[in-house]
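Work through the exercises below with the sequence and the 3D view side by side, and try each task before reading its solution.

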Amino acid sequence: MQTDIAIVGGGLTGLTAAAYLARAGLQVTVFEKAASLGGRAATQVHQGYSLNRGGHALYSGGAATRVLRELGISFHAGSPRGVQALFQERFFAYPGDAASFLSTTLLNGAEKVELLRLLTRLALLKPRRLAAESAHAWIDAHTRHTRVRQLLLATARTLTYSGNLDLISMEAVVTQLQLSLKRPVLYIDGGWQTLVAELRRAAEQAGAHLQPGTRVATVLQDNGRVRGLELGDGRLYEARAVVLATEPADVARLVADPLLKQRLATLTPLPVACLDVALQRLPHPERPVSLDLDQPRFYSAQSLFARVAPAGGAVLHAVRYLDPTDPGQARAHERELEALLDLAQPGWRDLVVKRFFLPHLPVMGAVPSASRHGFAGRPEPQVEHISGLYLAGDWVGHEGYLADACFASARQAAQLLLADLARRGAPRHVRVAA
Ligand SMILES: Cc1cc2nc3c(=O)[nH]c(=O)nc-3n(C[C@H](O)[C@H](O)[C@H](O)COP(=O)(O)OP(=O)(O)OC[C@H]3O[C@@H](n4cnc5c(N)ncnc54)[C@H](O)[C@@H]3O)c2cc1C
């Protein structure tokens, strides 16, 4: 069997790359081993409740919203309001906007002045300048008041999903902070499956052929050039190029290449533990979203801001940020998340319709670490020593964090692939300028 381009992975990244390449006139086939598309952006729907796999928020104004607009994809969403900080088991207004900044009793006057000075500085900095500094080191070095430090550390964890701020580059924190200061983050109606469905429509309308339920076993190569794929059932597909839109561990399994495997072995995936809960109703709407200053935890009642629950019902997402170098015990994390909901939403246990505890979910294929100079240390979308092989995902390329990196690298991989095809003599029907 033959296809111009084979894409492995039917999540946000694979579908985005498929839409761009199919629009350019190429014959594109997407292989997804799961029975349905979406990967980590899939949403579980249960009795009218839409539960993302872990709380998801789209940072508007970054690569994701830019690419979605370019592909003609629109969606409805709401933004969280009334965010609180949990400190020593008490809830305070989180100073994330002017009104809460003035009203909060979490900080005294001197602490507010220090926070304002730091936020102003971070808002104007080029994130890349802080790429080689860890979030922890930077925050420690630039804060005088303990409470301001605790608040910034909790904010950094929430912005990056990272439970180890010694590892992660301050570039990631500043990138996300600047986006969130400019525009509100978005909770998407129907969950992130809405984006998956729209990307699927865009890819299929452009002519891409999607094959869920099809595992790829190996990328076939010949003298440093990609020839195609072997599927799990032994079928062979010839392809001019292959885009791997999977996590790094999958890439290592798919490509028999010592150099690439060596490079992938240096990457550290970033896990979290999540408690996703559907409730008959929300016991305490006055506690919508909380960042925890004492422990690496966060929770949000997303149904207050987006349509993800039937009338009167509620969806809560609680997240425990993990240290990838020492992730700890799943049972302990589940208890910590339950305890957070006990504090924020007492009575929730009697109202449960459905709950999912996901002990170890990879938020991102690789942490942009300070030691590898942040985003610049991530692999490039084009694998230089294997012609016709491309990578894309939240661990690839120099632009953006989380889903922003997925969309940016998918677009970049498609552009590089089209440019390469143009050099090698693209088929006549292909528009090489994407
Ligand atoms: C708990 C949690 C919270 C998150 N919150 C946010 C957030 O708030 N904001 C944000 O921007 N991002 C967030 N993310 C990150 C975001 O979900 C991911 O970056 C994005 O969904 C990754 O998409 P992807 O297509 O690159 O990878 P994936 O979704 O992992 O897709 C890869 C696909 O490849 C398939 N595959 C692998 N191997 C093979 C094979 N051999 N053959 C065929 N198919 C294969 C897999 O089945 C999978 O479907 C969060 C992630 C998690 C887990």
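The exercises that follow concern a predicted model, and each solution proceeds step by step.

**Exercise 1. The annotated domain**

Task: Find which residues the UniProt annotation "domain: Amine oxidase" covers, and state how much of the chain there is helix and how much is strand.

Solution: Begin with the record, in which an unreviewed UniProt entry places the annotation "domain: Amine oxidase" on residues 12-418. Next, take the secondary structure over residues 12-418, where the chain is 34% helix and 24% strand. Finally, compare the two ends of that stretch in space, and the end C-alpha atoms turn out to be 20 Å apart.

**Exercise 2. The surroundings of strand 14**

Task: Decide whether the residues of strand 14 are buried or exposed, and identify the strands to which strand 14 is joined by bridges.

Solution: First, apply the cut-off for burial, which is a relative accessible area under 20%. Ten of the ten residues of strand 14, residues 270-279, are buried, so the strand is largely enclosed by the rest of the structure. Second, sort the side chains by direction: Leu270, Val272, Cys274, Asp276 and Ala278 point one way, while Pro271, Ala273, Leu275, Val277 and Leu279 point the other way, and all are buried. Third, look for the pairing strands. Strand 18, residues 352-364, runs antiparallel to strand 14 and is joined to it by nine bridges, with proline 362 as the bridge partner of proline 271. Strand 17, residues 314-321, is also antiparallel to strand 14 and is joined to it by eight bridges, and here the bridge partner of alanine 273 is arginine 320.

**Exercise 3. The shell around the ligand**

Task: Determine which residues come nearest to the ligand, which elements supply the shell, and how much of the ligand's area the protein buries.

Solution: Start with the residues around the ligand, of which there are 38, with Thr13, Glu32, Arg40, Ala57 and Asp394 coming nearest. Then assign the shell to elements: helix 1 (12-23), strand 2 (28-32), helix 9 (248-254), strand 14, strand 18 and helix 12 (403-424) each supply at least two residues, and strand 18 gives the most, with three residues. Next, examine the polar contacts made by oxygen atoms of the ligand. A polar side-chain atom of glutamate 32 lies 2.6 Å from a ligand oxygen, a polar backbone atom of arginine 40 is 2.7 Å from a ligand oxygen, and a polar backbone atom of alanine 403 is 3.0 Å from a ligand oxygen. Taken alone the ligand exposes 1,000 Å², and the protein buries 95% of that area.

**Exercise 4. Glutamate 114**

Task: Locate glutamate 114 among the helices, and find the backbone atom that its side chain reaches.

Solution: Glutamate 114 has its place in helix 4, residues 109-124. Its relative accessibility is 4%, so glutamate 114 counts as buried. The side chain of glutamate 114 reaches the backbone nitrogen of arginine 144 at 2.6 Å. Leaving aside residues up to four places away in sequence, glutamate 114 touches His142, Thr143, Arg144, His145 and Val148.

**Exercise 5. A three-strand sheet**

Task: Give the strand order of the open sheet that contains strands 5, 6 and 9, and explain why strands 5 and 6 each have one side without a neighbour.

Solution: The order is 5-9-6, and the pairing is antiparallel. Strand 5 (58-59) and strand 6 (77-78) stand at the edges with a single partner strand each, so one side of each is left without a neighbour in the sheet. Strand 6 pairs with strand 9, residues 185-188, over two bridges, and glycine 78 stands opposite tyrosine 187 in strand 9.

**Exercise 6. Two positive phi values**

Task: For glutamine 47 and tyrosine 161, state the loop in which each lies, and decide whether each is buried or exposed.

Solution: Recall first that most residues other than glycine have a negative phi. Glutamine 47 has a positive phi, near 45°, and is found in the loop between strand 3 (43-46) and strand 4 (49-52). At 60% relative accessibility, glutamine 47 counts as exposed. Tyrosine 161 also has a positive phi, near 65°, and lies in the loop between helix 6 (146-160) and helix 7 (170-182). At 14% relative accessibility, tyrosine 161 counts as buried.

Methods. Residues numbered from 1 in each chain as written. Predicted model: local features only at pLDDT ≥ 70, side-chain atom pairs only at ≥ 80, totals over all residues. Heavy atoms only, no water. Buried < 20%, exposed > 50% of the residue type's maximum accessible area, 1.4 Å probe, protein only. Helix = DSSP H or I, 4+ residues; strand = E, 2+ residues; numbered from the N terminus. Pairing = 2+ DSSP bridges. UniProt positions renumbered as here; feature names shortened; annotations may be inferred. Near = heavy atom within 4 Å. Polar contact = N/O pair within 3.5 Å; in protein donor to acceptor, adjacent residues only side chain to side chain. Areas by Shrake-Rupley, 256 points an atom, 1.4 Å probe, with all protein chains shown as cover. Contact = heavy atoms within 4.5 Å.
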